[in-house]
Amino acid sequence: MVVQEQLRVVRCGGSKLNGSRAVFSADAKYLLCASGDYVKVYSTATEECIHILQGHTNLVTGIQLNPQNHLQTFVVGYKIFAFYSLAGSDDSGFVIIPKNNEEASDSFQLVLVRLTKAPGQEVETKELSLILDDIDHSPKCTAFGREGEYVASVRGLHLSVYFFKKKMTHRFPLSARTVKGANNYFTCVACHPKEDCIASGHKDGKIRLWRNFTHNKEYTFSAMHWHHNAVMDLAFTVEGTNLLSGGLESVLVQWRDGSESKKEFLPRLGSTIEHISVSPDGTLCCTSHAENKITIIQSNLRVSAVIQGLVKGSSVKTGLVVDPRTKALVLNGKPGHLQFFCLQSDKQLYNLDIVQQEYIHQAGLSQTDLVKAAFSAQGNWLATVEQRQEKESDLELQMKLWAYDEQMQSFKLNTRINMPHEDHLTALCFRDTDGVEDGIPTLVTAAKDGRFKVWVFMDESDTDKQSVGWICDFVGSYHNYQANNCCFSEDGSLLAVSFEEIVTVWDSETWDLKCTFCHPPGKIWSLCFGRLICSKYLLGTTDHGFLCCWNLLSCALEWSAQLGVIVLQPDPLSENIAAVSCISEDSDLFVFRPNEPRPLCIQRKVCRGKVQCAVFIPRNVPEAVGSEKYQWLSRSQLYFLTAMQELMTFSTKSPEVRLTPSSKQLAVEESLPMTPFYLLLGKHREQQQLKKDADIGKAVVHSHSAQSSPAVKELLHTPAHVLPSAAFLCSTFINTLLISKENKSNGEVADEVEMESEKAEDESDEDIDHTATEEDPKLTELWGEMTPKLSKSQEKELRKIRKTDYSWISAL
Amino acid sequence: MASYKPVAVLPFPRLGEKVTQDTLYWKGYKTPVQIKEFGAVNKIDFSPVPPHNYAVTASSRIHIYGRYSQEPIKTFSRFKDAAYCATYRDDGKLLVAGSEEGNVRLFDIGGRAALRQFDGHTKAAHVVDFLSDKYRIFSGADDYTSKLWDIPSSSEIVSYSEHTDYVRCGCTSKLNADLFVTGSYDHTVKVFDARTEKSALTIEHGHPVESVLLFPSGGLLVSAGGRYVKVWDILKGGYLLVSLKNHHKTVTCLCLSSSGQRLLSGSLDRHVKIYSTTSYKVVHSFDYAASILSLALAPEDETIIVGMTNGVLNVRHRKHEENKERIPKKRHPAYRTFVKGRNYMPKQEDFFVSKPVRNHLKKYDKLLKSFQVSKALDAVLEVPIRVYTPEITVAVMQELSRRGTLKNALAGRDEKQLGTLLTFLTRHVVEPRFAPVLINVAEMIIDIYLSVAGQSAVVDKQFMRLQEVIEKEIDYQGELLETLGMMDALFATMTSKKVTSLENKSNGISKVVEQDTRN
């Protein structure tokens, strides 16, 4: 039965990790954080995502451990903005909901809910009782005090404290402006876990510690000021001795004993700290950052782990680029960095620091932006362009060329070109030099100053100059029009550069102008050459929405269509070209071949708003696609970025299939660090466990376990510095892993095989066959001889043979 | 966690020649010693045996100098007219020289009078040399002939008259006792074999040949004449290997370095150029005061001697390293502790635990790290940085402007500090590499200190100077643009013939545009 395949737009990877405070499990071994509709559970030691809790259909807004049961967590989704539960009352919780349950409502209230103990996952409740009205919806603006005696909430210029025992509210106002021009608006609040003390963060970076607030008049507060921008979050440590605060400066500040003088810093955490949470056992704390990152920090202010998601800036200026070497998606990461994101594992591979400048976290500064990035066809070269423009007149431009270093397995700066053009660069592309004999790496940049420049790599290391770098080889212009785009043909023989309304085609050997095309009155925006059998076509889109296809052999327009194309992207592995058009509100996708009149595939309404950029990423293994219509998806996959900065892709698989249980395999017990030694020993122990389970009730149980062997014991209990060298211990250790002779019935043969396989791993497959053939005749012989009745000892022996575990061979 | 990233100081390509191994090697000579001769020095020859005295032929005398002596240790002066080409024999005991009268004389180094005199040339014999068997001499003369002489019998062996103009240069092969090369003003170089009647090989140089040189291997021949130095492969029958045109006047002399890796050529344009014999690129050059006629290198390149038309002999001796060793080395007591354990050779089974590398920050970086912007600016305005590495000062200024704190750093300075700032500005504001940053700084300073203008005469004066410098630069740039415009016009007229019109296509969309060749 063939199921009709459907092309669906699916969100892929890189969901937000910093939406709400992350929560530590009671033993601080796991970290739960809301990620879109899911809750992801990470190991704090290994940074791996262990599993994903699913169930919500909308954004998860808060996570809370059940104070009564450490193994239970409450997870709340959208429309409930925050959830709090207290240790004292196990059947009630507090939630922040919009007033009158209206979505548009601007005011929110804190209500008490009775939690019924239901067996299912979801809890439904009807009983609500109002605690505080007119509060801020952010969970950071409400905090519960010592043993749940009071709740403090801030909004605007007011701090409200509600005392449960007295059932009354105190409100403490602050004046809007003081003499010094301070901004007293509250941003967050935290309560001391042991004392009657409330800490509040303010927009101007002040932290106030409120005491004695049980009296409406005689309250006192002390102010501490270090942050120069708003305090984003505050947290007390478990004992309340330290207060942690963070903000835009991306410095975690630890205030000791609530005094201004005793503070410690953990600087350069990367970007704005949005949330701080502390583990219940006090060993760890974590900060969630604006760049989709969670940093786990030990109590001595040392970073122990970083959980990094796809960094989503305000705008992806580089577009989506594919690293040909790793097939990773490359785009702007944190400021001044290029991130390499592996889509298969939904994990950031690494960050490449392009700008290499100290990043100053301060509002209103014009920072150096990474605006362009391009890889050469083999991924040996990376070109990046960064710019900074403070005023109209002074533009700082830098182009950097990075060579891939095999030893470092990373890109290394080769050439830095200051002001490669006099105005903004609009495009850059490498010439594909695979097919060309001793092809010199060539790069073309086009800029608004009306020029395109050809840069070539000069290796003069053999001469006396010793210089290995890129130099400008040719400067071209066309009537001083702005160069908008440039593109090399697949074989690198032709270069197309678009100058406003005109496309010029240049010979890349002599840099002669060959011919020009135009499609008045529109300016050309994107350009690409056809590939493989369609290499005689040149495609371009105009700002009037025309998609034009020119034939390079006849120098004539082949066809044109008014589709409102905004993104044009060729597939590197086939003739297919994807065009995304946006005529009305939604974007439509067209996949076509330049030589065929009919598009291969049309997908309407792939997303709302304009698609920012798109890219084809080659698959590692071609995927079987049943339908002819979606054959274009088999070799590469199209990813695109929507106006909301969401990364989407197309898939024909049903949602159930897509959710591969890849994450499940990582459920490491005890969340120990995965060292090779651990893997070796752990696997062995696992096998032993399995074997024991299987052997229950049997007479023969392995008495010889690797753990109990004196050699291993000695190995594990001797301090590392007095141990002899690993090479010396290796053979004894390996020997303990082998199954000893006594347990074997067909002793000699198997033993020999063991010895052999010990020597050579690659022979092990053969050995298995060998043992199998050796065993089989014996078995049949046994069966044949004594089919009706076997003596007890024989039966035992037989069972032993069958149960003998040969999986150790594969373990080796 | 990420550490502090120091300020990136943009390296600018150093103007002038790049320092290579060659420049270091060829710069390792002491200041030259000048010795005045009586006339133009036409030949310098080093004795092949230690102590490597050298014979200088100038006017009608041959002077023998010791290596470090400035006075001749011996003189041969019994020439009626000019002497030419005094050359040592391989054993350094005999010396042969040609003369204007046409005779060739053989001298003993110890004696004064000539041992032999070979008569036969009718005109000046400009070139003489010993063949490598030590018993024969070849000579070339202005009577277009070249002759071979036998020393024991002082008789002529053979005479070749194949050249059609003066024979002015020649050399003998070190490997083959019968082989010698002559170069003539008839633009040819001829290779002769003493055993045959005719020349073995003729090479067309294309200009009057002033000097020829055989490589020690005997396979390559270098000829110089006109502005060209040409290298020929004689084993391939005179195949032109490379033609070098690096002088702008006639090349007069050639010489090989002792290792054979470098070729030196001297020219009337007063330069000595040094070529690599692998790449045939100029790796170094020396300048001299007058046109160069002769050139010699002592064994091991210990001395370079150049003889010039004005009769000055320029002697450069190589510097020796032992001078440096004489300076007592200061031994820090901490050195031992510093290298403690460094020379420990790790065994195979040892595990390496590397110490975290500590980054040492510069003073201004330390201050910037702690956001002390004014002090950071002070630090880079100190004399060594401000004077020798202005790029660091400018980089820090740019960094401050990036941080938005440049104004804070510039403000609140007293007269003296403002004075230094303004001096720095006046000196560097017009440099293209610093201009974008420094113009910004200058604007800020004017903004900040406008209110206190006129309070200090010193500062006011410096402001006026700054204005002067900027006005001058504006005028200069204007002039440059004018020149550029004129050149553009010239180029446009020159290239207008080349405009090609592409084949007209008869469709409405692709239009034919004439190639813009002006870019």
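Analyst: Let's start with a definition: a residue is buried under 20% relative accessible area, exposed over 50%, and partly exposed in between. Please keep in mind that this is a predicted model.

User: Why is Leu532(A) called partly exposed?

Analyst: Leu532(A) has a relative accessible area of 41%. Partly exposed covers values between 20% and 50%, so Leu532(A) gets that label. Leu532(A) belongs to the loop between β44 (524-529) and β45 (537-542) of chain A.

User: What makes the phi of Leu532(A) worth a remark?

Analyst: Phi of Leu532(A) is positive, about 50°, and this residue is not a glycine. Most residues other than glycine have a negative phi.

User: Where is His52(B) found, and why does it count as buried?

Analyst: His52(B) sits in the loop between β2 and β3 of chain B. Its relative accessibility is 13%, and buried means under 20%, so His52(B) counts as buried. Like Leu532(A), with its positive phi, His52(B) is a non-glycine residue with a positive phi, here about 55°. The loop between β2 (41-46) and β3 (54-58) of chain B also holds Pro51(B), and the peptide bond from Pro50(B) to Pro51(B) is cis, with omega near 10°.

User: What makes the pair of Phe144(A) and Phe164(A) stacked?

Analyst: Over all chains, the count of aromatic pairs is 49. In the pair you ask about, the ring centres of Phe144(A) and Phe164(A) are 6.3 Å apart and the planes differ by 10°. Centres within 6.5 Å make a pair and planes under 30 degrees apart make it stacked, so both conditions are met. This pair links distant parts of the chain: Phe144(A) is in strand β12 (residues 142-144) of chain A, while Phe164(A) is in the loop between β14 (158-163) and β15 (168-173), 20 residues apart. Phe144(A) is buried, because its 14% relative accessible area is under 20%.

User: Why is the pair of Tyr478(A) and Tyr481(A) called tilted?

Analyst: The ring centres of Tyr478(A) and Tyr481(A) are 6.4 Å apart, and their planes stand at 40°. That angle is neither under 30 degrees nor over 60, so the pair is tilted. At 1% relative accessibility Tyr478(A) is buried, whereas Tyr481(A), at 32%, is partly exposed. Both tyrosines belong to a cluster linked by ring pairs, with Phe452(A), Phe474(A), Phe499(A), Trp506(A) and Trp511(A).

User: How do you know that the charged end of Lys230(B) sits over the ring of Tyr228(B)?

Analyst: The charged end of Lys230(B) is 5.3 Å from the ring centre of Tyr228(B), and the distance cut-off is within 6 Å. The charge must also be within 35 degrees of the ring normal. In chain A, Arg325(A) lies over the face of Tyr404(A), 3.8 Å from the ring centre.

User: What makes α3(A) oblique to α4(A)?

Analyst: Helix α3 (residues 710-717) and helix α4 (residues 726-737) of chain A pack at about 130°, with axes 9 Å apart. That angle lies above the 65 to 115 range for roughly perpendicular, and roughly antiparallel needs over 145, so α3(A) is oblique to α4(A). The crossing is left-handed.

User: Why does Gln467(B) count as partly exposed?

Analyst: Gln467(B) has 41% relative accessibility, between 20% and 50%, so it counts as partly exposed. Gln467(B) is in helix α11 (residues 457-495) of chain B. Its C-alpha is 8.5 Å from that of Thr426(B), 41 residues away in sequence. Thr426(B) is one of the buried residues in α9(B).

Conventions:
Residues are numbered from 1 along each chain as its sequence is written. Chains are lettered from A and ligands numbered from 1 in the order in which they are written. This is a predicted model: local features need pLDDT of at least 70, side-chain atom pairs count only at pLDDT 80 or more; totals for chains, interfaces and linings use all residues. Side-chain values use heavy atoms; hydrogens and water are left out. Buried means under 20% relative accessible area, exposed over 50%, partly exposed in between (1.4 Å probe, protein chains only). Helices (H or I, at least four residues) and strands (E, at least two) are DSSP runs, numbered from the N terminus. Rings of Phe, Tyr and Trp (its six-membered ring) pair if their centres lie within 6.5 Å; planes under 30 degrees apart count as stacked, over 60 as edge-to-face and the rest as tilted. Axes are lines fitted to C-alpha atoms, for helices over the stretch in contact, and angles run from 0 to 180 degrees between N-to-C directions. Angles under 35 degrees count as roughly parallel, over 145 as roughly antiparallel, 65 to 115 as roughly perpendicular and the rest as oblique. A crossing is left-handed if the near helix is turned anticlockwise from the far one by less than a right angle, and right-handed if clockwise.
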